[in-house]
Amino acid sequence: MTTVGILGGGQLARMMALAGAPLGLRFRVLDNVADACAGQFAPMIVGDYTDQAALAQFAAQVDVATFDFENVPAESAQWLSERVPVFPNPRALAVAQDRLAEKTLFRTLGIPVPGFADIGSRAQLEAAVAELGTPCILKTRRLGYDGKGQFRIKSAADIDAAWEALGAQAMTVGLILEGFVHFQRELSVVAVRGRGGEFRAWPLTENWHVDGVLSASLAPARVEDALQATALAHARKLAEALDYVGVFALELFCRDGELLANELAPRVHNSGHWTIEGSETSQFQNHLRAVLGLPLGDTRMVGTACMLNWIGTMPDANAVLGEPGGHWHDYGKAPRDGRKVGHATLRADSAEELAMALQRVGVALDREGQVAPVVAALR
Ligand code: AMP
């Protein structure tokens with residue numbers, strides 16, 4: 001009997017546990033809150049990620065450890081890796097936790113990135129804004145997610161407000177300034193690398209964000225084969241450089257046919273949720289196969305798919321469940337503003353059928369604004 005340990009007990013751990021059940025796996029989840037939603041399916045240890053007693057208890061109960069959450073302190077991941085196999089490895093985790101280290105690695109590997117600068121003081125911010133031009137975005141290097149810890153600088157007049165909002169964090173989590181990319185599309189590659197170096201990727205996914213939070217994903221993305229090949233080559237190069245094992249997502253901006261790397265998520269990813277019903281093997285199942293050293297499953301798509309995120313509260317399930325290709329995922333979380341509480345995936349054999357299903361669901365749930373960009377993309 002194999003037990004997989006997961007640091008972090010959110011919806012990603014929950015969907016991993018569900019995907020692992022057919023493989024006969026057991027799970028143990030460590031989270032600092034007692035009602036973490038993965039706890040509804042897997043036994044939990046409640047403790048802080050820096051609490052050595054909790055980590056020791058966790059290590060004693062698992063055969064292999066992985067993450068549902070990238071902000072587990074790198075020292076905790078390192079401590080664990082001296083006691084049990086940890087995938088992805090702590091170095092990959094550490095790079096992905098720091099926007100500056102991540103962008104520096106992308107650049108070193110020849111993966112194009114938006115202009116960026118390390119910001120340690122207000123004077124550096126002023127110089128970097130002058131160099132990168134406006135608009136630009138000041139971001140925390142560490143601990144930011146879903147658009148949090150970011151300030152958009154529209155003109156030099158906003159420097160005061162940006163420094164007021166984030167300046168104090170220059171000495172704690174660090175700051176990075178990035179040039180603003182006027183992209184036409186946001187794309188992500190969700191890919192997996194096995195223990196033996198085997199690499200597979202799902203077709204590129206096209207993503208729409210609202211206020212920095214993912215709203216909808218469409219697969220396959222409407223891109224030419226050459227762009228798809230470039231994106232996959234970037235992902236592969238990155239995975240090999242980090243000796244990465246498991247699933248990860250590389251988020252990209254597409255501007256005038258050029259790809260610019262935004263960030264690496266060292267875990268299963270929201271833009272890969274459609275793979276549960278839309279591909280031969282889901283990202284969750286393949287992540288488990290990778291960390292356990294099992295053969296990876298095929299990543300080919302079955303038709304076309306769109307995922308819609310439910311933020312804050314769950315809508316009524318009936319409209320989606322009434323669709324022939326409608327799939328419902330309720331994470332069992334209490335409603336809260338801005339919180340990801342569930343998603344739906346609509347699958348169809350053709351783009352036209354998918355557009356019609358989305359429109360029906362959008363009208364029934366009063367979510368026409370959410371489905372409109374996807375429907376427009378499909379037509
Ligand atoms: P992040 O947390 O860096 O993934 O940012 C969240 C979202 O903010 C992205 O998905 C984009 O929609 C937007 N964003 C972040 N960085 C940039 C940038 N340099 N240029 C344009 N939009 C950005």
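The questions and answers below concern the domains and the ligand site of a predicted model.

User: Into which domains is the protein chain divided by the domain assignment?

Analyst: The bounds come from a domain assignment of the protein chain, and residues are numbered along the sequence as it is written. The assignment gives domain 1 (3-86), domain 2 (115-179) and domain 3 (185-377).

User: How much area do domain 2 and domain 3 bury between them?

Analyst: The centres of domain 2 and domain 3, taken over C-alpha atoms, are separated by 29 Å, and four residues of domain 2 are in contact with five residues of domain 3. Of the area buried between domain 2 and domain 3, 30% is on carbon and sulfur atoms, and the total comes to about 290 Å².

User: How many salt bridges does the rule find across the interface of domain 2 and domain 3?

Analyst: By class, the side of domain 2 that touches domain 3 has no nonpolar, one polar and three charged residues. A salt bridge needs a side-chain nitrogen of Lys or Arg within 4 Å of a carboxyl oxygen of Asp or Glu, and across this interface the number found by the rule is zero.

User: Which residue has a polar backbone atom 2.9 Å from a nitrogen atom of the ligand?

Analyst: Around the ligand there are 18 residues, and those that come nearest are Arg99, Lys139, Val181, Glu186 and Glu263. The side chain of Glu178 places an N or O atom 3.3 Å from a nitrogen atom of the ligand, whereas the polar backbone atom at 2.9 Å from a ligand nitrogen belongs to Val181.

User: What share of the ligand's accessible area does the protein cover?

Analyst: Gln150 has a polar side-chain atom 3.0 Å from an oxygen atom of the ligand. On its own the ligand has 480 Å² of accessible area, and the share of this that the protein covers is 96%.

How values were computed. This is a predicted model: local features need pLDDT of at least 70, side-chain atom pairs count only at pLDDT 80 or more; totals for chains, interfaces and linings use all residues. Side-chain values use heavy atoms; hydrogens and water are left out. Domain bounds come from an automatic or database domain assignment. Contact means heavy atoms within 4.5 Å. Buried area is the accessible area (1.4 Å probe) that two parts lose on being put together, summed over both. Ala, Val, Leu, Ile, Met, Phe, Trp, Tyr, Cys and Pro count as nonpolar, Asp, Glu, Lys and Arg as charged, and the others, Gly among them, as polar. A residue is near a molecule or strand if one of its heavy atoms lies within 4 Å of it. A polar contact is a pair of N or O atoms within 3.5 Å; within protein, one must be able to donate a hydrogen and the other to accept it, and residues adjacent in sequence count only if both atoms are side-chain atoms. Accessible areas come from the Shrake-Rupley method with a 1.4 Å probe; for residues, only the protein chains shown count as cover.
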